Every structure is written in C-alpha cells, then in structure tokens.
Amino acid sequence: MSRLTMTFDNGPTPGVTEHVLDVLAERGISATFFVVGRDLGKPGRRELAQRAADAGHWHGNHTMTHSIQLGDGDGRLAESEIGDSQRVLGDLARPEQYFRPWGDGRISDRILSRAAIDYLCAGGYTLALWNCVPRDWEDPVGWVDRALAALDRQDWTLLVLHDQDTGAMSSLERFLDLALARGTQIVQELPPMCTPIRNGRIVGPIEHLYRPTPAADRAPAETRAKEER
C-alpha cells in the first residue's frame, strides 16, 4: 500500500482554499499548508489559515516573498526570507517549524545556500522538500494523471499542489477519490526522505541543495557538529 502526504503551497486564497478545506474534510484528510509570509496580510487570508488550523491542518513557512531562490542571494537573505516569514506565521506555525524553499517546483543547487542551511540548523527548523510536483498551476486538469503516476512508482509520495486561483483545485476531488480507490493511505506526516534537516539536525543528504563556496568550507562549528552526529 502506497502512502501519500498532501501539501498545498502559496495560499490561502479566498474563493479557493474554502473549497480545498471542504473537500479534505469530507474525506477526513489532514494536510499541510505552506504559506508565503507577505501574503498572510492580504484581506481574508489569515482568517482562512486559522480555519485550516482549527480543522487540524498544519502550516509551514514558504519564504517571505516567494521571489528569489536562497542560493541566488547573500547570507542576509536567510533572515529576511525565512526568519521574517516565521515571525509573520506566529501562532499558526507548528512547534516543529516546517520550512519549504522556493524553487519553481524543482529541487536544485539554487534552492538553498550554506548560510540558509546554517540558519535552519540554528533555528531548529525542519526542511520540507517534495518528491512530486505535478505542476497543477500550468495544467489544471492534467496534473491529476501525473500525480497518480507518482503514486504508482513511489512507496511514499509528498505531493505539492497550490490552493490558488488557477482552476486546478476543481480537480482535487477527482484526484483524491481515485487515490483512495487505489488503496492509498493518506497521512499527514512528512516522509523522512523529504526532510533532510529535522529539528535543526542534518539527517539526510543536502549537498545537492546548494552551491559550495570557499566560505561554505568554514561553516559554523555548531552546524558541523550536527552534521557529524
């Protein structure tokens, strides 16, 4: 039996997230919503996020601006993109602080920097990556088949969808019903292979997530010690 973890990025979006929450509630499914810090201040969005939290869904940090990959900036970017967003999340955040970098759906050596890794470790964050991005924002109907194919080839799929106004969430019911009909177990936990940093400790491979630099070879002793455990 395959497992599936549902996550949603870039919301909440009034007029869309309500439907997502209703669909999940009808099936007894709990998910994690990764929000962009600056968007929580827009009308109606924090209230929607609170509704999701009250229903048992989790929230994670998806950067402050969703505008620059951490590997493309300097060390100060970690504080402004990770730290500022976490402060905006406030009591919506889980005790285990989830952070998902922005990478246009692709895992590459640009989504983090050595400074960002140090920041995540020092702050006790859990890095939440993914292993299925069916690009629902580009193909509001066809994403369903790509997501189902991932369930067939993987034991545990961490799916990234977007509760945005693209029309893609109108296919959410169909996807979930097809997944459940296949016997898929839908869980809220994140698969270990998608969390190479957990609670500030490096527990999996991270070398492919950033570009080494001479400065990276002089990483803080605290981070080095955590890597060696």
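**Figure 1. Arg 198 and Glu 96 pair across the chain in this predicted model.** Arg 198 has a relative accessibility of 25%, so the residue counts as partly exposed. Its partner in a salt bridge is Glu 96, and the closest N and O atoms are 2.8 Å apart. The two residues come from distant parts of the chain, 102 residues apart. Glu 96 sits in the loop between H3 and S4, while Arg 198 belongs to strand S8 (residues 197-198). Buried or exposed: which word fits Glu 96? Glu 96 counts as buried, because its relative accessibility of 17% falls under the 20% limit.

**Figure 2. Arg 174 and Asp 145 join two helices.** The side chains meet in a salt bridge, with 3.9 Å from N to O. Arg 174 is part of helix H6 (residues 172-181), and Asp 145 is part of helix H5 (residues 143-153), so the pair ties together parts 29 residues apart in sequence. Arg 174 is partly exposed, at 40% relative accessibility.

**Figure 3. Asp 104, Arg 106, Arg 135 and Glu 138 form one salt-bridge network.** The four residues are joined by salt bridges that share partners. Two members also stand out in their backbone angles. Phi of Asp 104 is near 55°, a positive value in a residue that is not glycine. Phi of Arg 135 is likewise near 55° and positive, again in a residue other than glycine. Asp 104 lies in the loop between S4 and H4. Arg 135 lies in the loop between strand S5 (126-127) and H5. Their accessibilities fall into separate classes. Asp 104 is partly exposed, with a relative accessible area of 34%. Arg 135 counts as buried, at 15%.

**Figure 4. Asp 39 and Lys 42 make a salt bridge.** Their side chains meet at 3.1 Å, N to O. Asp 39 counts as buried, at 13% relative accessibility. Lys 42 counts as partly exposed, at 39%. How many salt bridges does the count give? The count comes to 19.

**Figure 5. The largest nonpolar core has 29 residues.** Those with the most contacts inside this core are Ile 82, Phe 99, Leu 112, Ile 117, Leu 120, Leu 127 and Ile 197. At least two core residues come from each of helix H3 (76-89), strand S4 (98-99), helix H4 (114-122) and strand S6 (156-162). Which element supplies the largest share? H4 does, with 4 residues. In soluble globular proteins, nonpolar side chains tend to be buried together.

**Figure 6. Ile 82 shows the contacts of one core residue.** Residues up to four places away in sequence are not counted here. Ile 82 then touches Asn 61, Leu 70, Leu 77, Phe 99, Ala 116, Tyr 119, Leu 120 and Tyr 125. A second core, separate from the largest one, has 27 residues. Among them are Leu 4, Leu 151, Leu 172 and Phe 175.

**Figure 7. His 162 is buried in strand S6.** The relative accessible area of His 162 is 7%. What does His 162 contact, leaving aside neighbours within four places in sequence? The partners are Asp 9, Asn 10, Asp 136, Trp 137 and Met 169. Gly 11 is 151 residues away along the chain from His 162, yet their C-alpha atoms are separated by 6.9 Å.

**Figure 8. Gly 11 and Pro 12 are joined by a cis peptide bond.** Omega is about -5°. Pro 12 lies in the loop between strand S1 (3-9) and helix H1 (17-26). Both residues also help to line the largest cavity.

**Figure 9. The structure holds 1 cavity of 30 Å³ or more.** About 30 Å³ of space lies inside the largest cavity. Which residues line the largest cavity? They are Gly 11, Pro 12, Phe 33, Val 35, Leu 48, Ala 49, Ala 52, His 59 and Asp 163. Strand S2 (32-35) and helix H2 (45-54) are the elements that give two or more residues to this lining. H2 gives the most, with 3 residues. By class, the lining has 6 nonpolar, 2 polar and 1 charged residues.

How values were computed. Residues are numbered from 1 along each chain as its sequence is written. This is a predicted model: local features need pLDDT of at least 70, side-chain atom pairs count only at pLDDT 80 or more; totals for chains, interfaces and linings use all residues. Side-chain values use heavy atoms; hydrogens and water are left out. A nonpolar core is a set of buried Ala, Val, Leu, Ile, Met, Phe, Trp, Tyr and Cys residues joined through side-chain atoms within 4.5 Å. Buried means under 20% relative accessible area, exposed over 50%, partly exposed in between (1.4 Å probe, protein chains only). Contact means heavy atoms within 4.5 Å. On a 1 Å grid over the protein atoms alone, a cavity is a set of points where a 1.4 Å probe fits but cannot get out, and a pocket is an open set with protein on both sides within 12 Å along at least five of seven lines; lining residues have an atom within 4 Å of a point. Grid points are joined across faces, edges and corners, and a volume is the space filled by probe spheres set on the points. Ala, Val, Leu, Ile, Met, Phe, Trp, Tyr, Cys and Pro count as nonpolar, Asp, Glu, Lys and Arg as charged, and the others, Gly among them, as polar.
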